[in-house]
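Work through these exercises with the sequence and the model open. Try each task before you read its solution.

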Amino acid sequence: MAAAGGSGEDAFQSFYTEVKQIEKRDSVLTSKQQIDRLLRPGASYFNLNPFEVLQIDPEATDEELKKRFRQLSILVHPDKNQDDVDRAQLAFEAVDKAYKLLLEPDQKKKALDVIHAGKEYVEHMMTQKKKQLKKDGKSTDVEEDDPEMFRQAVYKQTMKLFAELEIKRKERDAKDMHERKRQREEEIETHEKAKREREWQKNFEETRDGRVDSWRHFQAKGKKKEKKNRSFLKPPKVKMEQRE
């Protein structure tokens, strides 16, 4: 197991060495090539990894990070790409976003945690494969023993983790937005209900005197009519019986 762990660590060191070589090679890409790289199909997920966007080693110093940002931002800046301003603007925004994210300690730590998690996952899978091969009495060599294959496996797993985190973030944001909307609707409904009640109460108070006067007038009118009817009330005539 120790040997497998050592093999994984060696492979990871080789991986970083190759990453640095690729960064050195890609650092001389033309403006158009950098814009194409940053806007390639699937860029919305590739660009979730700020180190991938800036093509810089995760262990780079703040000074190296600043220097790389300047180099890359100049290459893709819209002012330097007048023949492709719109795409250059999008590429520049991706670079600027990645740089600002890495300037925030908490965000940088989260990105590094994802990268380390991707590496650890690949190493774990390598160990499991080797165990099974040994159990089956076969050679314990796996394709990830090759530095290039290990690099690709870590790269893919890292991208997958970044994508999963982004999907969860969007789902969380959508849920929070729905909850805020629901709360806002409840607040509006409560406010409108209270407003209607205040208006009803105000209208009730303003018309109370009028209702009282109307009722008094109605009662007074009723009493006059009743008195008038009583004054004209005559007793019924009694028909006298005639005697023979």
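Contact means heavy atoms within 4.5 Å. This is a predicted model, in which local features need pLDDT of at least 70, side-chain atom pairs count only at pLDDT 80 or more, and totals for chains, interfaces and linings use all residues. Residues are numbered from 1 along each chain as its sequence is written, and side-chain values use heavy atoms, with hydrogens and water left out.

**Exercise 1. Describe the fold of the protein chain.**

Step 1. List the elements. Helices (H or I, at least four residues) and strands (E, at least two) are DSSP runs, numbered from the N terminus. The protein chain has nine helices and zero strands. Read from the N terminus, the order is α-α-α-α-α-α-α-α-α.

Step 2. Look at the contacts. Take those in the protein chain with a separation of 6 or more: 65% of them join residues 24 or more positions apart.

Step 3. Check burial. Buried means under 20% relative accessible area, exposed over 50%, and partly exposed in between (1.4 Å probe, protein chains only). Of the 244 residues in the protein chain, 28% are buried.

**Exercise 2. Find where the model is least and most confident.**

Step 1. Use pLDDT, the predictor's confidence in each residue, from 0 to 100. The protein chain has a mean of 83, and 76% of its residues reach 70 or more.

Step 2. Compare elements. Confidence is lowest in helix 1 (residues 2-26), with a mean of 54. It is highest in helix 6 (residues 85-103), at 96.

Step 3. Go to the start of the chain. Residues 1-5 have pLDDT below 50, and this stretch has three contacts in the model beyond near neighbours in sequence. Where pLDDT is low, the predicted coordinates should not be read in detail.

**Exercise 3. Locate the nonpolar cores.**

Step 1. Apply the rule. A nonpolar core is a set of buried Ala, Val, Leu, Ile, Met, Phe, Trp, Tyr and Cys residues joined through side-chain atoms within 4.5 Å.

Step 2. Take the largest one. It has 26 residues, and Phe 51, Leu 54, Val 76, Val 95 and Phe 162 have the most contacts inside it. Helix 2 (31-38), helix 4 (50-54), helix 5 (62-76), helix 6, helix 7 and helix 8 each give two or more residues to this core. Helix 6 gives the most, with seven.

Step 3. Find the other core. It lies apart, and its six residues include Val 122, Met 126, Phe 150 and Val 154.

Step 4. Trace one residue. Leaving aside neighbours within four places in sequence, Val 95 is in contact with Leu 38, Val 53, Leu 54, Phe 69, Leu 72, Ser 73 and Val 76.

**Exercise 4. Describe the largest pocket.**

Step 1. Set the terms. On a 1 Å grid over the protein atoms alone, a pocket is an open set of points with protein on both sides within 12 Å along at least five of seven lines, and lining residues have an atom within 4 Å of a point. Grid points are joined across faces, edges and corners, and a volume is the space filled by probe spheres set on the points.

Step 2. Give the volume: about 700 Å³.

Step 3. Name the lining. It has 21 residues, and Leu 48, Leu 101, Phe 162, Glu 166 and Arg 169 are the closest to the centre. Helix 8 gives the most to the lining, with seven residues.

**Exercise 5. Examine Gln 55.**

Step 1. Place it. Gln 55 is in the loop between helix 4 and helix 5.

Step 2. Read the backbone angle. Gln 55 is not a glycine, yet its phi is positive, about 55°. Most residues other than glycine have a negative phi.

Step 3. Is Gln 55 buried or exposed? Its relative accessible area is 9%, so Gln 55 is buried.

How values were computed
On a 1 Å grid over the protein atoms alone, a cavity is a set of points where a 1.4 Å probe fits but cannot get out, and a pocket is an open set with protein on both sides within 12 Å along at least five of seven lines; lining residues have an atom within 4 Å of a point.
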